[in-house]
Amino acid sequence: MIKNSLAITLFIVTNCLLAQDRNEVSQFSNNLNQYHSVRDFSMSENGNEAFLTIQSPFQEISQIVYIKKEKNKWSEPKLMPFSDSFMYMEPFLTADGKRLFFVSDRPLNDSIKVKKDFDIWCIERNNQDAEWSKPKNIGKPVNSDLDEFYPSVSENGNLYFTMVAPIGLGKDDIYFCKWDNGKYANPVLLSESINSAGYEFNAFISKGEDFILFTKYNEKDGYGSGDLYISKKDAYGMWENAKNIGEPINTKFMEYCPFYDEKNEILYFTSKRNDITPRAFKNVLDLQRYLSESNNGLSKIYMTKFKIE
C-alpha cells in the first residue's frame, strides 16, 4: 500500500509539473466573446489598461477599443475618441503610457473623405487620466505610398513595423526605423535571420530590443497557416535565426499579433484556433453559449505563461 501511495503521489506531482511546463493557453476574456472578431493587444505597464481591435466578420469594419481594470475585473470595451467610418487597428502603447501607435487608412486631411493606404499614426497624452490628442500621421520616412502595419516600439523609441514593399525579401517583411534626435531614420530591412521570401509580419519588439516575436506564414517547420517565432540578439547585437516557439501556442490555425508582458512573463496573442466538436445541447441558449465561448475559429485573444531565457 505504501509503495502504491508513493507511486500515485509521484505520478500526480510529475503530471502537475508537466502541465505547468506545457504553458496552458486560455482565452484572455470571456467578455469579448460577444464580438465576432477580436484581435491585437497592447497593455499598460501597470496592467490596468489595454487596447485591442474589434472587427466585423469580413473586416469591412475595424475599430480600436480600450478596457480598464476595475476592482480586478476588466470593464466593457469603449471606442477610442477618434473613431469614425475609416479603419483602425493594431494599437501599441509605449512603455511610459503616453503614446499610442496604431494603423489606419484615414485621410491625411480631415476635409478629404476618401480613404488612403494604411499608414502608422499616433496619439499622445500627458498621463493615463488625461485626454488623448487628435491622431497624427507619423509621416515619412516611416510611411510611404505602400501599406505599413503593426507598429511596435522599444523603450528607446525605435520603431518596428511590417511593410508590403517590392524592395523587401518577400511578400511582407519586417523593418525598423531608429529614433534619433527626435525623428525617425529611414526604414531598415531586418536580416534574413528574420525575413525570407515568404511572409513575415506582426512583430513585437522587447523593451531592450534583445528579442523579437513575430509571425511567419506557412513555413516548412510550421504547424500550418501562421505561427509565432522568436529571434534573440547574440553577443554581437546580431539577430539569431528565428525559431518556432512550438505547441501549444502554435497550432494548425493562424497565430499572430503577439504582445509580451515582460514583467509577468505572459504572452498575449491572437489565434483562429478551432476545437469545436459536435455534441448534444440542452436548448438554444446552451448552443449559443457553446458556439460563442469555444475556440471557434474566429479571431480571439489568448494568453499563456511564457518564459524567455
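Which residue stands opposite Tyr175 in strand 16? The answer is Leu189, and the first close-up of this predicted model starts from that pair.

**Close-up A. Strand 13 and its two partners.** Tyr175 belongs to strand 13, which spans residues 173-177. Strand 13 pairs with strand 16 (residues 188-189) in the antiparallel sense, over two bridges, and here Tyr175 faces Leu189. Strand 13 also pairs with strand 12, again antiparallel, this time over five bridges. In that pairing, Tyr175 is the bridge partner of Phe161. If you are new to sheets, it may help to recall that their strands pair through backbone hydrogen bonds, either parallel or antiparallel.

**Close-up B. Strand 13, face by face.** Is strand 13 buried or exposed? Five of its five residues are buried, so the strand is largely enclosed by the rest of the structure. Look at one side and you will find Asp173, Tyr175 and Cys177, while Ile174 and Phe176 sit on the other; both faces are covered.

**Close-up C. Lys171 in the loop before strand 13.** Follow the chain from strand 12 (159-163) towards strand 13 (173-177), and the loop between them holds Lys171. With a relative accessible area of 48%, Lys171 counts as partly exposed, because this value lies under the 50% cut-off for exposed residues. Leaving aside residues up to four places away in sequence, Lys171 touches Val164, Ala165, Ala197, Gly198 and Tyr199. Ser196 is 25 residues away from Lys171 along the chain, yet 8.7 Å separates their C-alpha atoms.

**Close-up D. A four-stranded open sheet.** Here the strands run in the order 17-18-19-20, with antiparallel pairing. Strand 17 (200-205) and strand 20 (243-244) form the edges; each has a single partner strand, so one side of each has no neighbour in the sheet. Between strand 18 (residues 211-217) and strand 19 (residues 226-232) there are seven bridges, in the antiparallel sense. To find your place in strand 19, look for Leu228, which stands opposite Thr215.

**Close-up E. A nonpolar patch on the surface.** Which residues make this patch? Ile276, Phe281, Leu287 and Leu291 do, and together they give a nonpolar surface of about 290 Å². Phe281 sits in the loop that links strand 22 (266-271) to helix 2 (284-293). Its relative accessible area is 31%, so Phe281 is partly exposed. That value is also over the 30% needed for a residue to join a patch.

Conventions. Residues are numbered from 1 along each chain as its sequence is written. This is a predicted model: local features need pLDDT of at least 70, side-chain atom pairs count only at pLDDT 80 or more; totals for chains, interfaces and linings use all residues. Side-chain values use heavy atoms; hydrogens and water are left out. Patches are made of residues with over 30% relative accessible area and no salt bridge: like charges are joined within 9 Å, nonpolar side chains (Val, Leu, Ile, Met, Phe, Trp, Tyr) within 5 Å. Accessible areas come from the Shrake-Rupley method with a 1.4 Å probe; for residues, only the protein chains shown count as cover. A salt bridge is a side-chain nitrogen of Lys or Arg within 4 Å of a carboxyl oxygen of Asp or Glu. Buried means under 20% relative accessible area, exposed over 50%, partly exposed in between (1.4 Å probe, protein chains only). Contact means heavy atoms within 4.5 Å. Two strands pair if DSSP finds at least two bridges between them.
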